[in-house]
Amino acid sequence: MIFSNFYNQLDARLFHRQGIDSLPNPQAGHFNTALAEQLQWSDDEQKNWIKIINGEALPSNADPLAMVYAGHQFGHWAGQLGDGRGLLIGQVLDKNQQRIDLHAKGAGKTPYSRMGDGRAVLRSTIREYLAGQALTGLHIASSQAVGFVYSQDLKVWREQLEPTAILLRTSDCHIRFGHFEWINQYQPSLLKDFTQHCLEYYYPDSLNQHNPIIHFAETVVKRYAYLVAQWQLQGFGHGVLNTDNLNITATTLDFGPFAFMERFKPNWIFNHSDHQGRYTYQNQPSIIHWNLWVWLNQLIPLLSEQDDIKATITDILAQFEPAFLNDYQAGLCKKVGLPLHDEGSFQCALDFLKILQIEQLDYCTAFRWLTEQDYTSLHNQCLDLRQCDDFLKQYHAIRDAYSDEKDALLSDMQQHNPIYILRNHMAQRAIELAYQDDLSEVNRLFQILQNPFVTHKLAKDSDLQPVAKGQIEPAISCSS
């Protein structure tokens, strides 16, 4: 690995240096060889990946540290938080010379652990490992993991005693909205220099603008509009969109009680701690908007030169909704294979979603029916045949009007409608086998999710089966 650390050069009040508290008798979980090669791991490093992830053989240029930050959790100020079980190992250069964070989750207690034990359990580690692979395979900006190790000799209590694990994950950035909240609340003198570093390392184009802070803020807002549009289009629910779980580059991070939509139920509460349904799938755009508002207010001290700071913040945030709607509308038209430039396409696509919701059809499978022109399966699964027939009539009328574009429209559908998603029962099966030291299902799912748009020989019929009709969707534990 080629380290190019910068966070450890910032003000020492922003972090605490410490090493990984290694697991006893670590076992191999899974190793992402392709990602390791992209991050320029040497042959020796790849051979010793278990010891590296377990903290027994970290490269000499690694400089593990726990970040401190704050945040709003479930809409309420939570005060000082921080890496309570994770350590930023350092930044490394990938083959494209892009600086990538290495971050170990489950590395032991830190000064920011509060009442926690500093550990991650095997269950949540497998879910996060596979989710990163799934999102990346869907071309959604996401953290990924190089691999994980686990120990049956060290167990911790969550809802029950569970094996522990360490996940070595990566992201282009681990600086969160919560960093700015912590600085403003506890060390406001750091804000100017800290923000300058953020621009230099993540938004250098902003430095050349008339007002770098405004350009930075506008870019973050637009990036999040695009990211949440991609989540909605692929039926992904993050589960816990607190300000400490959102980074400044709009990369999916810290997903624990996540879920992929099965039967289309936009108000499905998939986080069992989300008693009010704050973080349901249908609320994600508005919640991201709220989080951006919280973050933008942290920049007010840097905008003192503006005549009307409140109006400036409002104008920046106002760019979110049209950007989101534009990205979502374009993506949904591609998923149904209708031309964006036809004024009836988007409404026709929304009519399709209404059918999915009313009939409780599987989100992923239903879009594949359209992709494969299997209208019979769609028709057979609908109770309200008049509504289905009305949709198909309008759908075919638009497609027939653009028959000269059919190849391009079909290509869009094939590239935007996966065959496979990470269904909860698939992840659960992999977890149950892993408890018995059988990682074969983790490996199988990892390979399928690498490219979910093509048929895989390793796939099983059960990979395409949604939650049974009428069955209550599972609520995922956010414990990790």
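Biologist: Which residue in E5 does Ala70 stand opposite?

Modeller: Ala70 stands opposite Gln80 in E5. Please keep in mind throughout that this is a predicted model. Reading a strand pair starts with the two partners and their direction, and here strand E4, residues 70-73, pairs with strand E5, residues 76-80, in the antiparallel sense over 3 bridges.

Biologist: How many residues lie between E4 and E5, and what is the phi of Phe74 in the turn?

Modeller: E4 and E5 form a hairpin with 2 residues between them, and Phe74 in that turn has a positive phi of about 55 degrees. Phe74 also serves to introduce a contrast between sequence and space, since Gln276 is 202 residues away from Phe74 along the chain while their C-alpha atoms are separated by 9.3 Å.

Biologist: Where is Gln276 found, and is Gln276 buried or exposed?

Modeller: Gln276 is found in the loop between strand E12 (259-260) and helix H8 (284-298). To judge its exposure one looks at the relative accessible area, and because exposed means over 50%, Gln276 with its 73% counts as exposed.

Biologist: Is Pro257, which lies in the loop between strand E11 and E12, buried or exposed?

Modeller: Pro257 is buried, with a relative accessible area of 1%, and its loop runs between strand E11 (236-237) and E12. Pro257 and Arg127 are 130 residues apart in sequence, yet 8.8 Å apart in space from C-alpha to C-alpha.

Biologist: How should I read the strands that pair with E10, and which strand joins E10 in a hairpin?

Modeller: The approach is to take the pairings one by one and to note a bridge partner in each. Strand E9, residues 144-157, forms a hairpin with E10 with 3 residues between them, and these two strands pair in the antiparallel sense over 10 bridges, with Glu162 in E10 as the bridge partner of Val156. Strand E8, residues 120-121, runs antiparallel to E10 and is joined to E10 by 2 bridges, and Val121 stands opposite Thr164 in E10. E7 also pairs with E10 in the antiparallel sense, over 5 bridges, where His103 stands opposite Arg169 and Lys105 stands opposite Leu167.

Biologist: How many residues of E10 are buried, and how many residues of E7 are buried?

Modeller: In E10, 10 of the 11 residues are buried, so this strand is largely enclosed by the rest of the structure. Strand E7, residues 99-105, is mostly covered, with 6 of its 7 residues buried.

Biologist: Which strand forms a hairpin with E7?

Modeller: E6 forms a hairpin with E7, with 5 residues between the two, and Gln97 in the turn has a positive phi of about 65 degrees. Strand E6, residues 86-93, pairs with E7 in the antiparallel sense over 7 bridges, and the bridge partner of Val92 in E7 is Ile100.

Biologist: Which residues lie nearest the centre of the second largest pocket?

Modeller: A pocket can be read through its volume, its lining and the elements that supply that lining. Gln98, Ile100, Ser142, Gln144 and Asp172 lie nearest the centre of the second largest pocket, which is lined by 16 residues and holds about 320 Å³ of space. By class, the lining has 5 nonpolar, 9 polar and 2 charged residues, and helix H1 (33-38) and strand E10 (161-171) each supply at least two residues to the lining.

Biologist: Turning to helices, how many residues of helix H12 are buried, and what covers them?

Modeller: As a general idea, an α-helix has 3.6 residues a turn, so residues three or four places apart point the same way. In helix H12, residues 363-371, 8 of the 9 residues are buried, so this helix is largely enclosed by the rest of the structure. Among the buried residues of H12 are Tyr363, Phe367, Arg368 and Trp369, and the cover over the buried residues includes helix H7 (212-234), helix H10 (320-336) and helix H14 (385-401). Just after H12, Gln373 takes a positive phi of about 55 degrees.

Biologist: How many helices and strands does the chain have, and how do I read its overall form?

Modeller: The chain has 17 helices and 12 strands. Its radius of gyration is 23 Å, close to the 23 Å that the globule rule gives for 480 residues, so the chain is as compact as a globular protein of that length. Buried residues make up 58% of the 480 residues, and among contacts between residues at least 6 apart in sequence, 71% join residues at least 24 apart.

How values were computed
Residues numbered from 1 in each chain as written. Predicted model: local features only at pLDDT ≥ 70, side-chain atom pairs only at ≥ 80, totals over all residues. Heavy atoms only, no water. 1 Å grid on protein atoms, 1.4 Å probe; cavity = no way out; pocket = protein on both sides within 12 Å on 5 of 7 lines; lining within 4 Å. Points joined across faces, edges and corners; volume = space filled by probe spheres on them. Helix = DSSP H or I, 4+ residues; strand = E, 2+ residues; numbered from the N terminus. Nonpolar A, V, L, I, M, F, W, Y, C, P; charged D, E, K, R; others polar. Pairing = 2+ DSSP bridges. Rg over C-alpha atoms; globule rule 2.2 N^0.38 Å. Buried < 20%, exposed > 50% of the residue type's maximum accessible area, 1.4 Å probe, protein only. Contact = heavy atoms within 4.5 Å.
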